[in-house]
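Welcome! Here is a short tour of a structure that may be new to you. Take a look at the sequence and the model first.

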Amino acid sequence: MTFHIETERLILRDLRITDLDGMFELDSDPEAHKYLGNKPVKTKEESKKILESVINQYKERGIGRWAAIEKSSGDFIGWSGIRLNTEHNMNGFTRYYDVGYRLIPRYWKKGYATESGKIAVDYAFNVLKLPELYATTEMGNEASHNALLKIRLEYIEDFFFEEEKLNLRWYKILNK
């Protein structure tokens with residue numbers, strides 16, 4: 001899959017094995033994993049497996065998270081986008097599309113999650129023609145909560161994610 005879409009400040013494209021250094025920086029950072037169960041990766045090999053999994057999602061599901069590249073610097077800043085979740089039972093759902101993002105902490109508080117999230121919702125509804133999208137955040141992650149509200153998702157309820165022992169928030173947006 002070759003994917004490329006641009007926003008005012010970002011290039012969103014398919015993730016590639018060449019993004020390994022950026023993915024390792026992102027997923028090995030304890031701050032980036034503060035609201036993800038506090039399980040940062042320890043090796044580049046773990047990051048490579050994550051990248052390979054997303055690349056496989058492109059082939060099997062036709063969609064997966066996208067690399068987020070800052071236009072002004074050309075830097076890999078994290079990922080954003082849509083994916084089809086089939087791995088986890090999330091609040092009673094076992095097959096659903098979700099919108100999400102994860103950014104390297106030095107790129108936080110710049111509006112990139114909101115900017116990339118808006119284009120992802122637009123892509124889901126106008127290109128993929130999905131009827132709805134979901135999202136989750138860990139309770140206490142106010143920055144992500146606020147970003148999801150800015151991209152027009154509605155907070156639905158809190159729930160306990162048994163598999164990871166996390167208290168999460170559940171969000172939804174309908175294609176109207």
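Right after helix α2 comes G62, whose phi is positive, near 80 degrees. Helices (H or I, at least four residues) and strands (E, at least two) are DSSP runs, numbered from the N terminus. This is a predicted model, in which local features need pLDDT of at least 70, side-chain atom pairs count only at pLDDT 80 or more, and totals for chains, interfaces and linings use all residues. Residues are numbered from 1 along each chain as its sequence is written, and side-chain values use heavy atoms, leaving out hydrogens and water.

**Helix α2**
- With 18 residues (44-61), α2 reaches 25 Å from its first C-alpha to its last, close to the 26 Å expected (1.5 Å times one less than its number of residues).
- Its buried residues (under 20% relative accessible area, 1.4 Å probe, protein chains only) are S47, L51, V54, I55, Q57 and Y58.
- Seen down the axis of α2, these residues fall within an arc of 145 degrees (taken from the directions from the helix axis to the C-beta atoms), so they line one face of the helix.
- On the other side of α2, K49, K59 and E60 are exposed (over 50%).

**Helix α4**
- In α4 (residues 142-150), S144, H145, A147 and L148 are buried.
- They lie within an arc of 165 degrees seen down the axis of α4, so they line one face of this helix too.
- A143 and K150 are exposed on the other side of α4.

**Residue R102**
- R102 lies in strand β5.
- The side chains of R102 and D27 are joined by a polar contact of 2.9 Å; such a contact is a pair of N or O atoms within 3.5 Å, where within protein one must be able to donate a hydrogen and the other to accept it, and residues adjacent in sequence count only if both atoms are side-chain atoms.
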